[in-house]
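Visitor: Please pick one part of this model and take me through it slowly, along with whatever connects to it. I work at the bench, so give me the cut-offs as you go.

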Amino acid sequence: MSVTQVEDRIYLIDAETAGIKGFIASYVLKGKHVAMVETGPTSSVPNLLTGLRKLGIKAEDIAYIAVSHIHLDHAGGVGTLIKHLPNAKVIVHPRGAPHLAHPEKLWEQSKLVLGSITELYDAPEPVPENRVIAATDGMTFDLGNGMNLKVVETVGHASHHQSYYESGSQAMFPGDTAGIYLGEIDTIVPTTPPPLRMDLVLIALDRLASMKPRNLLYSHFGKASNAVEKLRAYAGQLKLWARIAKQGLDSKEDLATISKRIVESDLAFKRALDYVKVHPVLGETVLGNSVQGVVDFVEKFGVPE
Ligand SMILES: [Zn+2]
């Protein structure tokens with residue numbers, strides 16, 4: 001388990017879910033009131049607690065746990081984690097809030113969509129309702145020491161997705177709105193499972209870019225500079241996938257053929273393929289679910305502008 005400083009007062013704990021390094025990040029914002037962004041799944045909680053100890057943070061000093069959305073790899077662990085943090089409240093999109101309090105349905109659906117991957121994650125525990133803040137766009141949480149955490153609604157990847165902006169360091173936590181960043185090869189790959197609203201993701205990416213963040217702190221995974229450039233590049237990549245999906249649908253290609261043509265046409269993705277293919281989670285989710293999400297979207301709504 002590693003802890004890295006990524007900004008003056010922001011630290012990254014590698015959740016090392018099921019021993020997978022560099023996949024799921026949990027961020028710790030060391031204001032007067034400490035906040036965390038993302039928890040990873042239930043199975044990562046022991047690593048998070050070790051990380052907090054390494055940072056010298058007392059459990060009672062943590063005021064907020066902000067999650068981008070309720071998918072297990074982002075918020076699955078929040079119910080287990082909060083049992084250890086007596087003063088923490090969970091910040092979540094209003095549409096996600098009921099699922100944190102009653103996670104049974106989410107767990108059943110996750111097993112259907114993710115199959116054996118859920119065994120790496122473990123079942124989510126419920127968060128007591130009085131510990132949940134259903135936070136709307138623009139709400140800002142003052143952490144002291146010049147730090148603020150602002151909610152930026154970015155639905156599209158999911159209907160209950162939001163990003164967070166920390167104004168002191170001009171850092172953006174995009175969640176899954178800006179794709180998956182593979183730092184080792186400086187490449188972004190899409191995370192666009194069904195039911196995707198690509199049109200809304202593109203609006204969200206514009207919005208995040210217009211705020212001119214300095215750095216992106218990706219949930220998958222880590223810090224990247226040239227934030228605006230990366231947000232725009234990801235929008236371009238999504239549109240390329242949509243155009244290929246449209247051609248594939250028009251000529252009645254199956255998903256495997258469309259996937260293959262995406263790999264041939266998307267140079268960034270081609271570069272990432274060796275990494276993605278052997279990854280215990282991404283092999284399945286990116287090559288299967290992400291392509292499926294784009295194909296389903298285009299079938300329903302066409303290619304976005
Ligand atoms: Zn994710």
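Guide: Let's get one yardstick out of the way: a residue is buried under 20% relative accessible area, exposed over 50%, and partly exposed in between, using a 1.4 Å probe on protein chains only. Keep in mind that this is a predicted model, where local features need pLDDT of at least 70 and side-chain atom pairs count only at pLDDT 80 or more, while totals for chains, interfaces and linings use all residues. Numbering runs from 1 along each chain as its sequence is written, and side-chain values use heavy atoms, with hydrogens and water left out.

The part I'd pick is the zinc site. Its protein donors (N, O and S atoms within 2.8 Å of the metal, or 3.2 Å for Na, K and Ca; water isn't among the atoms, so a site may look incomplete) are Asp-73 through OD, His-74 through NE2, Asp-176 through OD and His-220 through NE2. They lie 2.0 to 2.3 Å from the zinc ion. The angles between these four donor atoms run from 83 to 154°, so the arrangement is irregular. For comparison, tetrahedral would need all four-donor angles between 85 and 135 degrees; square planar (four donors) or octahedral (six) would need opposite donors over 155 degrees apart and all others between 65 and 115; anything else is irregular.

Along the chain, the donors are spaced as D-H-x101-D-x43-H. Asp-176 sits in the loop between strand 11 (171–173) and strand 12 (180–182), and His-220 in the loop between strand 14 (215–218) and strand 15 (222–224), so this pair ties together parts 44 residues apart in sequence. (Helices are DSSP runs of H or I with at least four residues, strands are E runs of at least two, and both are numbered from the N terminus.) Asp-176 is buried at 3% relative accessible area, and His-220 is buried at 3% as well.

Now follow His-220 a little further, since this donor also lines the second largest cavity, along with residues including Phe-23, Ile-180, Tyr-181, Leu-182, Phe-221 and His-279. A cavity here is a set of points on a 1 Å grid over the protein atoms alone where a 1.4 Å probe fits but cannot get out, and lining residues have an atom within 4 Å of a point. This one holds about 40 Å³ of space. Strand 12 gives the largest share of its lining, three residues, and that is the strand at one end of the Asp-176 loop.

Strand 12 leads on to a salt bridge (a Lys or Arg side-chain nitrogen within 4 Å of an Asp or Glu carboxyl oxygen). Here Asp-186 meets Lys-230 at 3.8 Å, N to O. Asp-186 lies in the loop between strand 12 and strand 13 (187–189) and Lys-230 in helix 8 (residues 227–250), so these two also link parts 44 residues apart. Asp-186 is partly exposed at 45%, whereas Lys-230 is buried at 12%.

On the His-220 side, look just ahead of strand 14. Glu-7 and Arg-214 form a salt bridge at 3.5 Å, N to O. Glu-7 belongs to strand 1 (residues 3–7) and Arg-214 to the loop between helix 7 (198–210) and strand 14, with their positions 207 residues apart. Glu-7 is buried at 8%, while Arg-214 is partly exposed at 44%. Both bridges belong to a total of 10 in the structure.

How values were computed. 1 Å grid on protein atoms, 1.4 Å probe; cavity = no way out; pocket = protein on both sides within 12 Å on 5 of 7 lines; lining within 4 Å. Points joined across faces, edges and corners; volume = space filled by probe spheres on them.
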